[in-house]
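Here's a quick walk through some helices, and a couple of loop residues, in one protein model. Have the structure open as you read.

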Amino acid sequence: MKFIDLFAGLGGFHLALKRLGHKCVFACEKDEQLRSLYQKNFSFMPKGDIKYLKIEDIPEHDILCAGFPCQPFSKATPTELRTGFNNPKQGDLFSYVIEILKAKKPRYFILENVLHIRKHNNEQTWQKIFDELEKLDVGYHVREICLSPHQFEIPQIRRRIFIVGDRESSPRLLSEPSICVEPDIKNILDTNPLDAQELNGRQKECLGVWQEFLNQLPKDVKLPFAPIWSMEFGATYPYKETTPYALGVDNLREFRGNHGKRLKGLADDEVWKSLPSYAGNKRPQERFPAWKIKFIQSNREFYKVNKNWIDEWKKKILEFPPSYQKFEWNCKTVDRDQWDLWKYMIQFRASGIRVKRATTAPSLVTMSVHVPIIGWEKRYMTQRECARLQGMACLPGESYLRGLKKKALELPETASRTFTALGNAVNVDVVERIAKVLTSDFEGCTDKERQLNLPIDIGEN
């Protein structure tokens, strides 16, 4: 079958469908460097920005693939920039996909985006997507599924929404698998890689302070359900019925801010600087969302119970930037005698330090500072290791999961650009499985192609 690859990036869709024996007849990618890299890897030069394409120049095809930009819908994007279809740079790109579907009428389409797109703008964005797809006079039957690589023994937790369409019948969906075998991150790690970046001294010091926090936690005390926001330890500013912004700076001085700092006597700008960034005047809210209220309440209640040892500990965390003062321990079910964070996967994020089990990596994102860290080796994952998480370390037919001789996929020249591109990419192994099931009854398949497209036996819930 013939397919097109829109917003092609590193070519995740190309890799997946090429493995199934299909042929790419058209691709587009705005980034000039990624276009050149695409040509090196696939001997195929993509066109440029989709906004300037002429639809008549797009060849006829059987499958349209598009991972349209997710930043306007992603939780990782700052709230003020999470403007969805109203985003001036990327919000309207979905409309170009619609126009191509309307004009070219391929049998199938596969779209991919972040899970949060379901809830964006009170689910209005999600409803608009389905309305636009279903009202096409082409007559598409549309379905969606949420999948993550870790469900297929691939060691990355990366939940993504896949929307699939079929013009002739209800689309065949890949069954969401039961997780029978837990992934193991060690399967994709290199031994003493020369290009690995070590943690710096400041990061190690901060992680040591959080290890002290875990060590001092009494055995009979549970951590709060919410991420730990240490700035709430001693804070008293109002948050349930109003916000600091709504209350006004003059009325705030009778309260305490970050880590219990007194606001009385401070100049206006110092008052705002002494509040958490998520609660200050840069967030003009009359009322906090329910989840934030719960997070703040959970941390303040935890502090009241543990004030006797936290007050001395929190002096140490004050030395670090705000993102280091938040901590998310995702290993609560592990026996307490195993609460050694150097045994786990770690990630420094703008939302705080996240620690996860040693079986899977957290989702790759577009910012290189968020690259997963191998705790037991005190280093970041390398570019090639992260490429393996996306099924993109090798060229078509040479997946690392299949134990075949590897011919490496070329990656961008700098680590920063590589991690950004990988964070934007679709997971090749997941897309391959989806496409294999979706197209398994295609009438135009040869016997050989039909055999390639048999559904994968992955089990069902």
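What follows is a short tour of helix packing, burial and backbone geometry in a predicted model.

## A helix under cover

Let's start with α12, which spans residues 428–438. How many of its residues are buried? The count is 11 of 11, so this helix is mostly covered, by the cut-off of under 20% relative accessible area. The buried set mixes residue kinds: it includes Val-430, Ile-434 and Leu-438, but also Asp-429, Glu-432, Arg-433 and Lys-436.

The N-terminal end of α12 has a cap. Asn-427 does the job, with a side-chain oxygen 3.2 Å from the backbone nitrogen of Asp-429.

## α1 against α12

One neighbour of α12 is α1 (residues 12–19), and the two axes come within 8 Å and cross at roughly 50°. That angle makes α1 oblique to α12, and the crossing is right-handed.

Who's touching whom? On the α1 side, the contact uses Gly-12, Phe-13, Leu-15, Ala-16, Leu-17 and Arg-19, while α12 brings Val-428, Asp-429, Val-431, Glu-432 and Ala-435. Sort the residues of this contact by kind and you get 7 nonpolar, 1 polar and 3 charged. Two of the α12 residues here, Asp-429 and Glu-432, are also on its buried list. Asp-429 turns up once more in the cap, since its backbone nitrogen is the one facing Asn-427's side-chain oxygen at 3.2 Å.

## α3 alongside α4

Now for another pair. Helix α3 covers residues 93–104 and helix α4 covers residues 124–134; their axes come within 10 Å and cross at roughly 15°. The two helices are therefore roughly parallel to each other, as angles under 35 degrees count that way. Here too the crossing is right-handed.

Phe-94, Ile-98 and Leu-101 from α3 meet Ile-129, Glu-132 and Leu-133 from α4. That contact divides into 5 nonpolar residues, no polar ones and 1 charged. The spacing of the α3 residues fits a general rule: an α-helix has 3.6 residues a turn, so residues three or four places apart point the same way.

## What covers α11

Helix α11 runs over residues 415–424, and its buried residues are Thr-418, Phe-419, Ala-421, Leu-422 and Gly-423. What covers them? The cover includes α2 and α10, the latter at residues 383–389.

Helix α2 is also home to Glu-32. This glutamate counts as exposed, at 58% relative accessibility, because the cut-off for exposed is over 50%. Glu-32 and Lys-47 sit 15 residues apart in sequence, with 9.5 Å between them in space, C-alpha to C-alpha.

## Two positive phi values

Most residues other than glycine have a negative phi, so a couple of exceptions are worth a look. Ser-43 has a positive phi, near 55°. Where is Ser-43? Its place is in the loop between α2 (32–42) and β3 (63–66). Ser-43 is exposed, with a relative accessible area of 67%.

Lys-105 is another such residue, with a positive phi near 50°. You'll find Lys-105 in the loop between α3 and β4 (108–114). Is Lys-105 exposed or partly exposed? At a relative accessible area of 39%, Lys-105 is partly exposed.

Note on methods: Residues are numbered from 1 along each chain as its sequence is written. This is a predicted model: local features need pLDDT of at least 70, side-chain atom pairs count only at pLDDT 80 or more; totals for chains, interfaces and linings use all residues. Side-chain values use heavy atoms; hydrogens and water are left out. Buried means under 20% relative accessible area, exposed over 50%, partly exposed in between (1.4 Å probe, protein chains only). Helices (H or I, at least four residues) and strands (E, at least two) are DSSP runs, numbered from the N terminus. A polar contact is a pair of N or O atoms within 3.5 Å; within protein, one must be able to donate a hydrogen and the other to accept it, and residues adjacent in sequence count only if both atoms are side-chain atoms. Axes are lines fitted to C-alpha atoms, for helices over the stretch in contact, and angles run from 0 to 180 degrees between N-to-C directions. Angles under 35 degrees count as roughly parallel, over 145 as roughly antiparallel, 65 to 115 as roughly perpendicular and the rest as oblique. A crossing is left-handed if the near helix is turned anticlockwise from the far one by less than a right angle, and right-handed if clockwise. Contact means heavy atoms within 4.5 Å. Ala, Val, Leu, Ile, Met, Phe, Trp, Tyr, Cys and Pro count as nonpolar, Asp, Glu, Lys and Arg as charged, and the others, Gly among them, as polar.
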